[in-house]
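Please look at the model shown here with its sequence, and follow how aromatic rings, charged side chains and enclosed spaces are arranged in it.

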Amino acid sequence: MNYLVDITGVRKAYGKNAVVFDGLGLKINAGKIIGLLGPNGSGKTTLIKLLAGLLKEDTGTILIDGKQVGPESKAVVSYLPERTYFNEGLKVKQLINMFKDFYADFDETRAYEMMSLLNIDTNTVLKKLSKGNKEKVQLIMVMSRRAKLYLLDEPIAGVDPAARDYILQTILTNYDKEASIIISTHLIQDIENILDDVIFIKQGQIVAYNSADALRQDKGQSIDEIFREVFRC
Amino acid sequence: MPWKFDANSPIYLQIMDELKLKIAKGELNPGDKVPAVRELAIIAGVNPNTMQKALSELEREGVLYSQRTSGRFVAELGNGQADIRQGIYKQYMDTFVRGMRELGFANDDIIKILEKYFNEEE
């Protein structure tokens, strides 16, 4: 069986001393919503950037849907970065057109539908949107692609609880059985109900990779509590 | 509004309990169609795979049955419906009686307190 994500023996260091991963291995199947959970500096964002092709591993291999990370893999990976990268002078409409040109799998109708559900006027310039709406627009763009792998780096940080509910619902509504979604966060409580599996990452090591319900059953604790125990300082 | 879950136990088990409760209360009746997995997952605010697992388990237990083209339905449970009710009320009773015993009441006291409670309620 082929994995959607297949990482073997990856090493990644920033400069000589800052080794993030050494001998990292990770295999992920299609059709899962996975929480990538770890404290600050554990390597969550680095891992996501390696998968998105924004960083290059020093050694080892990373395959996505059987392809090396590159233009071919990028065509099936939809990435939501931690910080907004859109040109703030664009109108929402222009952003949608840009995505349509860039990504063959972009579903324009879906994007417009979601914008109108949120009462976002697509003639608005991005910089005039509230912080919460900006985050939602970004997520809508990313989730409107029919990708195989979605990488969401801290999608719920810095938005109010109502926006958080909206974001989680958008993820669930657009989730498709053929695809997997990796969500990195440290706000575990808010997302744990929608996760199939969780990956605990600590100083560049995968310390646990298990089904969320199996963990709850084994430990009689919430993922949030288990996390606090694993990462107690 | 997403359903409320106790984060300390598996969500699929809680979904199963919740649906059984709806059957016991008569909110869902034999022959009723159960919404599609995805729809129900979004209503409950859970992962569709988790919902799928809960519904398959209920099917395995004979509480639901599926018809290939038209979806999932609540089964004719016969005595099963009574069993479900019994299972749930036992849970309630366990919690109640345990709590009362922890407060130091004996069985006789608990019965008296219940009687008094019902009288006052009227």
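In this predicted model, the charged end of Arg145(A) sits over the ring of Tyr103(A), at 3.7 Å from the ring centre. A charged end is placed over a ring in chain B too, where Lys53(B) lies 4.0 Å from the centre of the ring of Tyr12(B).

Tyr103(A) also belongs to a cluster, in which ring pairs link this residue with Phe86(A), Phe99(A), Phe102(A) and Phe106(A). Over all chains, the structure holds 10 aromatic pairs. One of them joins Phe86(A) and Phe99(A), whose ring centres are 5.9 Å apart, and because their planes stand at 80°, the pair is edge-to-face. This pair links distant parts of the chain, since Phe86(A) is in the loop between strand S6 (77-80) and helix H3 (92-102) of chain A, whereas Phe99(A), 13 residues away, is in helix H3 itself. Both Phe86(A) and Phe99(A) are buried. Phe99(A) pairs with Phe106(A) as well, with centres 5.5 Å apart and planes at 55°, so this pair is tilted; Phe106(A) is likewise buried.

Phe86(A) appears again in the lining of a cavity. A search of the whole structure finds 2 cavities of 30 Å³ or more, and the table sets them side by side.

| Cavity | Volume | Lining residues include | Make-up of lining |
|---|---|---|---|
| Largest | about 40 Å³ | Thr84(A), Phe86(A), Gln138(A) | 3 nonpolar, 2 polar, 2 charged |
| Second largest | about 30 Å³ | Leu80(A), Gln138(A), Asp153(A) | 2 nonpolar, 1 polar, 4 charged |

Gln138(A) is thus named in the lining of the largest cavity and in that of the second largest.

Terms used:
Residues numbered from 1 in each chain as written. Chains lettered and ligands numbered in written order. Predicted model: local features only at pLDDT ≥ 70, side-chain atom pairs only at ≥ 80, totals over all residues. Heavy atoms only, no water. Phe/Tyr/Trp six-rings, centres within 6.5 Å; stacked < 30°, edge-to-face > 60°. Helix = DSSP H or I, 4+ residues; strand = E, 2+ residues; numbered from the N terminus. Buried < 20%, exposed > 50% of the residue type's maximum accessible area, 1.4 Å probe, protein only. Lys NZ or Arg CZ within 6 Å of the ring centre and 35° of its normal. 1 Å grid on protein atoms, 1.4 Å probe; cavity = no way out; pocket = protein on both sides within 12 Å on 5 of 7 lines; lining within 4 Å. Points joined across faces, edges and corners; volume = space filled by probe spheres on them. Nonpolar A, V, L, I, M, F, W, Y, C, P; charged D, E, K, R; others polar.
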